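The following exercises ask the reader to work from the coordinates towards a description of a ligand site, a pocket and two backbone features. Each task is followed by a solution that goes step by step.

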Amino acid sequence: MSVIVVVGSQWGDEGKGKIVDLISESVDVVVRYQGGANAGHTIFVNNKKFVLHLIPSGIVRNNILCIIGNGVVLDPTAFFEELEFLEDNKIKTSNRILILPNTHLVLPFHKVIDKLNEQGNDKIGTTGRGIGPAYTDKYYRLGIRAIDLFNDDYLINILKRNLAIKNSLAKSYYEVNEFSFESTLNYLFEIRNKLKEYIVKDSTIVSRLLEEGKKILLEGAQGALLDVDHGTYPFVTSSNPTIGGAITGTGIPSKRISEIIGVTKAYCTRVGDGPFPTELNNEMGDHIREYGNEYGATTGRPRRCGWLDLPALKYSAKINGFDSLAITKLDVLSQLDKISICTAYKLNGEIIDYFPIDTTTLYNVEPVYKEFEGWGTSIQGLRKIEQLPANARKYLEFIEENIKVKIKIISTGFERNDTIII
Ligand code: IMP
């Protein structure tokens with residue numbers, strides 16, 4: 001195995017951090033391929049909790065090199081805060097983190113614009129971390145990349161052009177004070193000295209490390225249903241958490257990918273607005289939220305909770321080509337007498353055999369459920385498949401049979417080793 005990709009198969013928050021941490025035991029390099037400080041990857045090691053937003057989850061293991069891929073939008077302020085948090089928690093970061101030169105930066109005005117965009121009725125429910133505005137600048141070809149920090153003429157020119165447009169909008173559309181060129185430039189000068197040691201010159205370093213025989217893990221953020229191309233647009237993030245993003249966001253040739261793991265929570269959650277067919281707006285939803293501690297790792301927002309959605313998961317498996325699934329948070333369902341899985345969607349009374357990509361349709365589908373008996377006992381921390389109660393195994397087998405992808409990892413608790421590996 002040379003390149004493993006870990007992809008979220010739902011609306012994010014599937015528990016990718018734990019799975020990346022687990023698998024990274026056998027890799028040399030972990031590369032984050034998209035998203036930014038909107039992510040919150042949680043890892044528990046010996047009862048200690050680490051929440052990572054930007055730095056790859058491999059950082060909590062001492063021997064791993066961590067790379068921030070060009071598909072990421074990097075907020076320097078959030079990056080330095082995270083470094084400080086890690087150092088405070090006795091995680092060595094020096095000489096272990098690299099930033100690709102073509103990684104775009106999230107600047108203070110991106111965060112302001114993100115929040116301004118969210119003030120109206122038609123909000124997306126973003127994390128407010130400036131992600132959408134930073135990716136917009138990237139595609140507008142007015143973004144500032146890590147490497148641009150070292151080319152003064154270019155930097156000044158692009159910032160002037162960028163702010164000319166932003167400030168026209170600030171005045172006429174947002175009706176706020178203009179963004180200051182001087183203070184933004186000062187911010188860029190200030191952070192470039194601190195970022196310098198992390199930024200590499202060679203944008204193909206991930207491929208180079210692969211050629212040198214290093215084992216590489218590509219870590220996705222968010223999930224397939226939040227993908228800007230394949231997700232529930234416009235209620236999506238602005239990047240590609242799906243497999244294509246792993247390739248463009250790191251510079252790895254697609255044929256070198258040896259395994260794609262879809263991380264799937266045993267039920268569904270969603271944070272922010274947008275359609276969610278299996279959402280439980282009732283006591284059951286509240287129960288899952290409390291037992292699963294379903295509150296945003298980045299924003300603290302309560303997550304919307306619902307049953308596992310197989311039509312959505314099938315769709316996700318199809319567009320990503322999962323080789324295996326890692327099922328997380330199965331233990332959260334242990335308290336329940338009955339557990340449902342959505343097996344199909346009905347639209348106007350008829351079963352449909354596709355995942356509707358337009359939001360209006362998705363708001364109107366009616367989930368068809370199959371009910372399962374609960375297993376009536378705690379499975380917290382189990383480490384062998386034989387120890388799982390028969391009803392829990394039936395639940396998992398049903399998922400496997402329907403998605404036609406093998407489950408290779410089952411997480412039974414938040415600690416690193418609370419895991420069944422098949
Ligand atoms: P943005 O990525 O901050 O622009 O937010 C766009 C949408 O993606 C919103 O619904 C967010 O709640 C959601 N989102 C962004 N990052 C995450 C994440 O890491 N987990 C779950 N949802 C996320």
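Helices, of at least four residues, and strands, of at least two, are DSSP runs numbered from the N terminus. The model is predicted.

**Exercise 1. Locate the cis peptide bond at Pro234 and place Pro234 among the elements.**

Step 1: The bond to inspect runs from Tyr233 to Pro234, where omega is near 5 degrees and the peptide is cis.
Step 2: Pro234 itself belongs to the loop that joins strand S9 (216-219) to helix H8 (243-248).

**Exercise 2. Describe the backbone of Asn95 and its setting.**

Step 1: Asn95 is not a glycine, and yet its phi is positive, at about 60 degrees.
Step 2: Along the chain, Asn95 falls in the loop between helix H2 (76-88) and strand S7 (97-99).

**Exercise 3. Characterise the surroundings of the ligand, beginning with the residues that come nearest and ending with the classes in the shell.**

Step 1: There are 15 residues around the ligand, and those that come nearest are Asn38, Thr127, Thr237, Val271 and Arg301.
Step 2: Taking a polar contact as a pair of N or O atoms within 3.5 Å, one can examine the oxygen atoms of the ligand: a polar side-chain atom of Asn38 lies 2.8 Å from one such atom, while a polar side-chain atom of Arg301 lies 2.9 Å from an oxygen atom of the ligand.
Step 3: Val271 contributes through its backbone, with an N or O atom 2.9 Å from an oxygen atom of the ligand.
Step 4: On its own the ligand has 470 Å² of accessible area, of which the protein covers 97%.
Step 5: Sorted by class, the shell holds six nonpolar, seven polar and two charged residues.

**Exercise 4. Describe the second largest pocket by its volume, its lining and the domains that supply that lining.**

Step 1: The volume of the second largest pocket is about 360 Å³.
Step 2: Its lining comprises 20 residues, and Ile4, Ile23, Ser26, Ile409 and Ile421 are the closest to the centre.
Step 3: Helix H1 (16-23), strand S10 (259-265) and strand S18 (406-411) are the elements that each give two or more residues to this lining.
Step 4: At the level of domains, at least three lining residues come from each of domain 1 (3-102 + 202-261) and domain 3 (265-421).
Step 5: The classes in the lining are ten nonpolar, four polar and six charged residues.

Technical notes
Residues are numbered from 1 along each chain as its sequence is written. This is a predicted model: local features need pLDDT of at least 70, side-chain atom pairs count only at pLDDT 80 or more; totals for chains, interfaces and linings use all residues. Side-chain values use heavy atoms; hydrogens and water are left out. A residue is near a molecule or strand if one of its heavy atoms lies within 4 Å of it. A polar contact is a pair of N or O atoms within 3.5 Å; within protein, one must be able to donate a hydrogen and the other to accept it, and residues adjacent in sequence count only if both atoms are side-chain atoms. Accessible areas come from the Shrake-Rupley method with a 1.4 Å probe; for residues, only the protein chains shown count as cover. Ala, Val, Leu, Ile, Met, Phe, Trp, Tyr, Cys and Pro count as nonpolar, Asp, Glu, Lys and Arg as charged, and the others, Gly among them, as polar. On a 1 Å grid over the protein atoms alone, a cavity is a set of points where a 1.4 Å probe fits but cannot get out, and a pocket is an open set with protein on both sides within 12 Å along at least five of seven lines; lining residues have an atom within 4 Å of a point. Grid points are joined across faces, edges and corners, and a volume is the space filled by probe spheres set on the points. Domain bounds come from an automatic or database domain assignment.
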